[in-house]
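Here are some notes to read alongside the structure. Keep the viewer open and find each residue as you go.

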Amino acid sequence: MSTTIANQLAAAPISWGVCEAADWGVQLSPEQVLGDMRELGIKATEFGPLGFLPTEPSARAAHLEGYGMKAVGGFLPVVLHDQAVDPLPLVEAELKAFSVAGASVLVLAADAGTGDYEAHHEMDESQWEVFGRNLQAVVDLAAEAGILAVLHPHVGTMVESAASVQRLLETTAAQICLDTGHLLVGGTNPLDLVRLHASRVGIAHLKDVRSEIAAKVASGELGFVQAVKNGMFVPLGQGDCEIGQIVGLLKEAGYKGWYVMEQDAVLESAFDGAAAKTDVRASIDFLLGL
């Protein structure tokens, strides 16, 4: 298993605290993050938030190539539920960078439009209708460019709760980003989801979670950023997400996509980058040791 996983292994800048959300701690430079990835032997990465890497497509591709890094794709928050917002121009602009860099997966979040991930949201019937149309339009647009667009259930977005994830699966044909951590925080058991819907997984974001802290986020007792600061996300194998079983089920189902290591982190200072790198190394060791 380890050889297969090594070929499918990727990282993401969020593990080094690089995030698009407002007030999300210290933001490290691409040089430090990509340099750390290279030292860890990681050969593939997601782009990170808009503005982390160069915006111009060829410059972005060249930046990754300079570190010997393959582009997996990236995370893009897009408003999909609002009749007054057309998501296609933003997506189309980003797809150009994906194509030039050879990236294969566009990870969409159903952006609530708040600029952060602190509040819980649910869509009404009319919003679900708009969401479904827009999601399919984005999936089709990406497919024309040879790129797979998937929907990422994510804390603080319009698709977070177990009910909304279930409705997403039942009422759309879109593939999903299996983010083990965000699913668990939102109330979905990621292992059960894989058992029932492995064929819908287009990319896997692997993170592990301390369920006792996640429960406080779900109840509203703790905000998302504070929960991350309190250590809600931990290296793979050290939390309650049953990562080993999830990877085993995906393998049995014939999953050939990326396993992206993602421990959402908030850095208080640049010195915390060393700890972030250590956590990613622990996750690599866990996956290769399965």
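1. Start with Ile203 in this predicted model. If you set aside the neighbours within four places in sequence, Ile203 is in contact with Glu46, Val72, Val105, Val107, Val150, Ile176, Cys177, Leu178, Tyr255, Trp258 and Val260. Try showing these side chains together; one of them, Tyr255, comes back in point 4.

2. Now step back to the nonpolar core. The largest one has 103 residues, and Ile203 is among the four that touch the most other members, along with Leu106, Phe131 and Met232. Which helix gives the most to this core? That is helix α5, residues 125-144, with 7 residues.

3. Stay with helix α5 for a moment, and turn to the aromatic rings. The structure holds 5 aromatic pairs. In one of them, Trp128 and Phe131 meet edge-to-face, with 5.3 Å from centre to centre and 85 degrees between the planes. Both residues lie in helix α5, 3 residues apart, which is about one turn of the helix. Are Trp128 and Phe131 buried or exposed? Both are buried.

4. Tyr255, the contact of Ile203 from point 1, belongs to a ring pair too. Tyr255 and Tyr259 form an edge-to-face pair, 5.3 Å centre to centre, with 70 degrees between the planes. Why do we call these two buried? The cut-off is under 20% relative accessible area. Tyr255 has 9% relative accessibility, so Tyr255 counts as buried. Tyr259 is buried as well, because its relative accessible area is 2%.

5. Rings can also join up in a cluster, and here ring pairs link Trp24, Phe224 and Phe233. Look at Phe233 from above its ring: the charged end of Lys207 sits over that ring, 5.5 Å from its centre. A similar kind of arrangement can be found elsewhere, where Arg60 lies over the face of Phe47, 4.7 Å from the ring centre.

6. Finish with the largest pocket, which has a volume of about 290 Å³. Of its 17 lining residues, those closest to the centre are Val228, Ala265, Val266, Leu267 and Asp279. Three elements give two or more residues to the lining: α10 (224-229), β9 (233-234) and α12 (272-288). Which of them supplies the largest share of the lining? It is α12, with 4 residues.

Terms used. Residues numbered from 1 in each chain as written. Predicted model: local features only at pLDDT ≥ 70, side-chain atom pairs only at ≥ 80, totals over all residues. Heavy atoms only, no water. Core = buried A, V, L, I, M, F, W, Y, C linked by side-chain atoms within 4.5 Å. Buried < 20%, exposed > 50% of the residue type's maximum accessible area, 1.4 Å probe, protein only. Contact = heavy atoms within 4.5 Å. Phe/Tyr/Trp six-rings, centres within 6.5 Å; stacked < 30°, edge-to-face > 60°. Lys NZ or Arg CZ within 6 Å of the ring centre and 35° of its normal. 1 Å grid on protein atoms, 1.4 Å probe; cavity = no way out; pocket = protein on both sides within 12 Å on 5 of 7 lines; lining within 4 Å. Points joined across faces, edges and corners; volume = space filled by probe spheres on them.
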